[in-house]
Amino acid sequence: MTMHSCLLWASDRFEQDEVAGEDVTVLAADSWLVAEGQVLALELHRARFFAAFTPEQRGRLRLDEFWAASLDRIPLAGDWFPRVELRQAGRIQRLAFRLRSAPPLGTTLTALTHDGHDPRRRPSIKGPDLATLGRLRRDVGARGADEAIILNEAGAIVDGCSTAILWWRGDTLCAPPTHFARVDSVTAKTLVALATAVGSGIRYEAAQPRELDALEVWAVNALHGIRTITTWIDGPAMLGPSARASAWQARLDALARPLRPPRP
């Protein structure tokens, strides 16, 4: 049985959400996977979410207390995909916490290049463009794809709708240039750190889809971890699944830590 509940923060406590979803604009958001009480890189998620707020907002909204209270609401048994939000309804801004059951996880996906301009309004912040990107994913889903790949004006790969795109050239892990406008992916950042730690080369390059022909390409995010792109509709031929993806996923899994350390 799946679960999805939403609570609004009222300075020092939670209360039930009574605002219709269509009346709400999400200004900032973050989400992560909690599997049997274990979570990967939670501090990076916290830092990314907090970076969307001014110091004045953090104090006025009691952001630290909200974060701690949200973590306390996540069960330690089962698999969960919680989300924290700064949302606006009319002129009122509120913090909200969503407790969601984690959906089934995958290891592969089908991609399709988005044919059009970059639809994101604030590409460096997770939240403001979630609704737009959700519609884009539904559009490409009608064509048999799981993910849309967003390009910049020069035709270079920037991001997926809900994933960061990485690829391998031999033993070198490649990623779009750091100055490209996109959400700072916690999973991609962790994989780059892992690659550095084990001595794999790191290369940042502006690559067009056709330049990834016959390469191993990953779409990564906090929910699924690593998924290999096995088919790119009307795009490059993909190398497909390999033992490398499962080995690197195991490395990610080994970095997971308790959501709440045991209390003495």
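Colleague: How many salt bridges does a search of the whole structure find?

Modeller: The structure is a predicted model. Side chains of opposite charge can pair when their charged atoms come close. A search of the whole structure for such salt bridges gives a total of 19.

Colleague: Which residue forms a salt bridge with Glu 15?

Modeller: Glu 15 sits in strand β2, and its partner sits in strand β8, 79 residues apart from Glu 15. The closest N and O atoms of the pair are 2.9 Å apart. The partner of Glu 15 is Arg 94.

Colleague: Is Glu 15 buried, partly exposed or exposed?

Modeller: Buried means under 20% relative accessible area and exposed means over 50%. Glu 15 has a relative accessibility of 31%, so Glu 15 lies in between. Arg 94, at 24%, is partly exposed. The class of Glu 15 is likewise partly exposed.

Colleague: Is Arg 98, which forms a salt bridge with Glu 85, buried or exposed?

Modeller: The closest N and O atoms of Glu 85 and Arg 98 are 2.8 Å apart. This pair links strand β7, which holds Glu 85, to strand β8, which holds Arg 98. Glu 85 has a relative accessible area of 0% and is buried. Arg 98 has 16%, which is under the 20% limit, so Arg 98 is buried.

Colleague: Which residues do salt bridges that share partners join into one network?

Modeller: The salt bridge between Glu 85 and Arg 98 belongs to a wider set. Salt bridges that share partners join both of these residues with two others, Arg 83 and Arg 87. The network is therefore made of Arg 83, Glu 85, Arg 87 and Arg 98.

Colleague: Which partner of the salt bridge between Arg 137 and Glu 147 is buried?

Modeller: The closest N and O atoms of this pair are 3.9 Å apart. Arg 137 is in helix α4 and Glu 147 is in strand β10. Arg 137 has 34% relative accessibility and counts as partly exposed. With a relative accessible area of 1%, the buried partner is Glu 147.

Colleague: Which strands are the edge strands of the open sheet?

Modeller: Strands of a sheet pair through backbone hydrogen bonds, either parallel or antiparallel. Here 5 strands are arranged in the order β2-β1-β8-β7-β3, with antiparallel pairing. An edge strand of this sheet pairs on one side only, and the two that do so are β2 and β3.

Colleague: Which residue in β2 stands opposite Leu 7?

Modeller: Strand β1 covers residues 4–9, and 3 bridges join β1 to β2. The two strands run antiparallel. The residue of β2 opposite Leu 7 is Gln 16.

Colleague: Which helix lies across β1, β2, β7 and β8?

Modeller: Helix α1 lies across β3, β7 and β8, and runs at about 165 degrees to β3. A helix formed by residues 63–72 runs at about 20 degrees to β8. The helix that lies across β1, β2, β7 and β8 is α3.

Colleague: Are α5 and α6 roughly parallel or roughly perpendicular to each other?

Modeller: The axes of α5 and α6 are 11 Å apart, and the helices pack at an angle of about 100 degrees. Angles of 65 to 115 degrees count as roughly perpendicular. The two helices are therefore roughly perpendicular.

Colleague: How many residues of the contact of α5 with α6 are nonpolar?

Modeller: From α5 the contact takes in Thr 187, Thr 190, Leu 191, Leu 194 and Ala 195, and from α6 Trp 248, Arg 251 and Leu 252. Of these residues, 2 are polar and 1 is charged. The number of nonpolar residues is 5.

Technical notes: Residues numbered from 1 in each chain as written. Predicted model: local features only at pLDDT ≥ 70, side-chain atom pairs only at ≥ 80, totals over all residues. Heavy atoms only, no water. Pairing = 2+ DSSP bridges. Helix = DSSP H or I, 4+ residues; strand = E, 2+ residues; numbered from the N terminus. Contact = heavy atoms within 4.5 Å. Axes fitted to C-alpha atoms, helices over the stretch in contact; angles between N-to-C directions. Salt bridge = Lys/Arg side-chain N within 4 Å of Asp/Glu carboxyl O. Buried < 20%, exposed > 50% of the residue type's maximum accessible area, 1.4 Å probe, protein only. Parallel < 35°, antiparallel > 145°, perpendicular 65-115°, else oblique. Nonpolar A, V, L, I, M, F, W, Y, C, P; charged D, E, K, R; others polar.
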